Amino acid sequence: MKHLYLLFGLLLLVSCNYFDVKKTTSDAILNEELKTFNWSEVDEYPSFASCNDEVSKEEKKRCFQNSLTAIIANKIQRDTIVVSQDVKDTIYIKFQISETGTLSLLEAKVDSVTQNEIPNIDQLIASSLDSLPEIYPAIKRGQQVKTAFTLPVIIQVN
C-alpha cells in the first residue's frame with residue numbers, strides 16, 4: 001500500500017505540468033499576425049472615380065494604370081517637342097500615393113539619349129500630374145494605406 005501511495009504521489013507531481021497555462025500577450029498575438037500578413041498586396045488598389053465601375057481587383061488596377069498613363073502621355077503630346085533624332089524610349093516613373101490620395105512623384109528613370117533630346121522631360125512629367133482627378137487610396141484590411149508603384153510610359157517622338 002505504501003508503494004501505491006508513493007506511485008500515486010509521483011504521478012501527481014509529474015502530471016502537474018499538464019495543467020500549466022501559457023499566457024499569451026497581445027504583443028505575441030500581434031507578432032504572430034504580422035508574420036502571416038502579406039505586406040506586398042492590398043485589398044483594393046488606388047483608383048480614380050472612373051475606375052470604380054470595374055468589377056475585379058485586377059481590372060481596377062489596370063484601369064488606374066491605363067488612366068494615369070493616358071493622362072501623362074496626353075500632357076507630353078500637347079507640348080511641342082523638337083528633337084534632332086527619333087526618340088523611342090520607355091520611362092519608368094516611381095509614384096507614391098498617400099493614405100489621403102495624394103500622388104507624389106518619387107523618381108523618373110529616363111535613358112540618357114532621351115534626356116539629351118528632351119532636357120525638360122522631368123518637368124513635363126511633373127506638370128502632367130498637376131491636373132489629375134481625385135485619387136482614392138489603396139485599402140488594406142479596411143484601412144487606407146500608402147502605396148508605391150512603378151509605371152512604364154512609352155515615349156515616341158519622330
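What follows is a friendly chat about a predicted model.

Reader: Before we start, what should I know about the model and its numbering?

Author: The model is predicted, so local features need pLDDT of at least 70 and side-chain atom pairs count only at pLDDT 80 or more, while totals for chains, interfaces and linings use all residues. Residues are numbered from 1 along each chain as its sequence is written, and side-chain values use heavy atoms, with hydrogens and water left out.

Reader: Thanks! How are the strands of the open sheet ordered?

Author: The order is β3-β2-β7, with antiparallel pairing. Strands here are DSSP runs of E with at least two residues, helices are runs of H or I with at least four, and both are numbered from the N terminus. Two strands pair if DSSP finds at least two bridges between them.

Reader: And which strands stand at the edges?

Author: β3 and β7 do; each has a single partner strand, so one side of each lacks a neighbour in the sheet. From one strand to the next, the twist averages 30°.

Reader: How many bridges join β2 to β3?

Author: Six, and the two strands run antiparallel. Q96 has S104 in β3 as its bridge partner, and K94 stands opposite E107 in β3. The two strands form a hairpin with five residues between them, and G101 in the turn has a positive phi of about 95°.

Reader: Nice. Which strands does α3 touch when it packs on the sheet?

Author: α3 touches β2, β3 and β7, and its direction makes about 40° with that of β7. α5 packs on the sheet too, touching β2 and β3, at about 155° to the direction of β3. Contact means heavy atoms within 4.5 Å. Axes are lines fitted to C-alpha atoms, for helices over the stretch in contact, and angles run from 0 to 180 degrees between N-to-C directions.

Reader: Which residues of α3 are buried?

Author: They are K60, C63, F64, S67, L68, I72 and I76. Buried means under 20% relative accessible area, exposed over 50% and partly exposed in between, using a 1.4 Å probe and protein chains only. Among the elements covering them are β2 (87-97), α5 (121-128) and β7 (147-157).

Reader: Which residues touch the most other members of the largest nonpolar core?

Author: Of its 27 residues, L68, I72, F95, L103, I121 and I155 do. α3, β2, α5 and β7 each give two or more residues to this core. Such a core is a set of buried Ala, Val, Leu, Ile, Met, Phe, Trp, Tyr and Cys residues joined through side-chain atoms within 4.5 Å. Leaving out residues up to four places away in sequence, L68 touches F48, F95, L103, L129, L132, F149 and L151.

Reader: Switching to rings: how many aromatic pairs does the structure hold?

Author: Three. F64 and F149 have ring centres 5.8 Å apart and planes at 70°, so that pair is edge-to-face. The pair links helix α3 to strand β7, with F64 and F149 lying 85 residues apart. Rings of Phe, Tyr and Trp (its six-membered ring) pair if their centres lie within 6.5 Å; planes under 30 degrees apart count as stacked, over 60 as edge-to-face and the rest as tilted.

Reader: Last one: is T147 buried or exposed?

Author: T147 is buried, with a relative accessible area of 13%.
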